[in-house]
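Biologist: I would like to go through this model term by term, asking each time what earns a feature its label. Please set the value against the rule before you conclude.

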Amino acid sequence: MDLRIGNGYDIHRLVPGRPLILGGVRLDHPDGLGLDGHSDADVLVHALMDALLGALSLGDIGKYFPPDDPRWRGADSLVLLEQVVALVAERGWSIVNVDSVVVAERPKLKPHIGAMRAAIADRLGVEPDRVGVKATTNEQLGPTGREEGIACHAVALLQKP
Ligand code: MG
């Protein structure tokens, strides 16, 4: 059996007048902030896509979904994730598991983690117990700590029989 591991990272700015979508789940920020970006700016799903692409040395999401392409304006990142999963499957690889850490001061993510894991697992075609989603604050340090943005780190493990 052949194994591959990939890692991904993403950060988007928190701004007024935008939805806050993480792991495909729409959340309410206490100050009404959301994530800025060309697509729906779902940092969690973006970091996972980069981890999956990185495991197979396929480049990054900017290569497949360039931010200057009008097709991806306001795109549902879960739909983009499906396309990345298809690239992985076309090459004969399957997903063993993924794991992620979202770095956000607010809102509290814990009540929503189950829904995020279920939404991601559905698009990955795996059981939710293969999808790790964790949340941490940055102890009010740095850009995520000052709530200038929300960041996410992710890893993915793939196997080929
Ligand atoms: Mg992004």
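Biologist: To begin with the charged groups, which residues are linked in a network of salt bridges?

Modeller: The network consists of D31, R106 and E147. This is a predicted model, so local features need pLDDT of at least 70 and side-chain atom pairs count only at pLDDT 80 or more, while totals for chains, interfaces and linings use all residues. Residues are numbered from 1 along each chain as its sequence is written, and side-chain values use heavy atoms, with hydrogens and water left out.

Biologist: What makes the contact of E147 with R106 a salt bridge?

Modeller: The term requires a side-chain nitrogen of Lys or Arg within 4 Å of a carboxyl oxygen of Asp or Glu. For E147 and R106 the closest N and O atoms are 2.9 Å apart, so the pair meets the rule. The two residues are 41 residues apart and link distant parts of the chain, E147 being in the loop between helix 5 (142–145) and strand 7, and R106 in the loop between strand 5 and helix 4. Helices (H or I, at least four residues) and strands (E, at least two) are DSSP runs, numbered from the N terminus.

Biologist: How many salt bridges does this rule give?

Modeller: The count comes to 8. Among them is E148 with R146, at 2.8 Å from N to O, and also R123 with D122, whose closest N and O atoms are 3.8 Å apart; because the limit is 4 Å, that value is still accepted.

Biologist: Why is E147 called buried, and why is R106 called partly exposed?

Modeller: Buried means under 20% relative accessible area, exposed means over 50%, and partly exposed is in between (1.4 Å probe, protein chains only). E147 has 19% and therefore counts as buried, whereas R106, at 28%, falls in the middle class. In the other pairs, D122 at 59% is exposed and R123 at 23% is partly exposed, while R146 at 53% is exposed and E148 at 36% is partly exposed.

Biologist: What is the phi of E147, a residue other than glycine?

Modeller: Phi of E147 is near 60 degrees, a positive value. S57, also not a glycine, has a positive phi of about 55 degrees; S57 is in the loop between helix 1 and helix 2 (61–64) and, at 66% relative accessibility, counts as exposed. R106 has a backbone feature too, since a cis peptide bond, with omega about -5 degrees, joins R106 and P107.

Biologist: Which residues are the protein donors of the magnesium ion, and what qualifies them?

Modeller: The donors are D10 (OD), H12 (NE2) and H46 (ND1), lying 2.1 to 2.3 Å from the ion. Donors are N, O and S atoms within 2.8 Å of the metal (3.2 Å for Na, K and Ca), so these atoms qualify, although water is not among the atoms and sites may therefore look incomplete. Along the chain the spacing is D-x1-H-x33-H, and both D10 and H12 are buried.

Biologist: How do you know that strand 1 and strand 7 pair, and in which sense?

Modeller: Two strands pair if DSSP finds at least two bridges between them. Strand 1 (residues 2–16) and strand 7 have 12 bridges, in the antiparallel sense, and therefore satisfy that rule; N7 stands opposite V155 in strand 7. Both belong to an open sheet of 5 strands in the order 4-1-7-5-6, with mixed pairing. Strand 4 and strand 6 (134–136) are its edges because each has a single partner strand, which leaves one side of each without a neighbour in the sheet.

Biologist: What is meant by the largest nonpolar core, and which of its 50 residues touch the most other members?

Modeller: A nonpolar core is a set of buried Ala, Val, Leu, Ile, Met, Phe, Trp, Tyr and Cys residues joined through side-chain atoms within 4.5 Å. The residues touching the most other members are L22, L52, L81, L124 and I150. Helix 1 gives the largest share of this core, 10 residues. Not counting residues up to four places away in sequence, L124 touches L52, L81, V85, I95, V98 and V131, where contact means heavy atoms within 4.5 Å.
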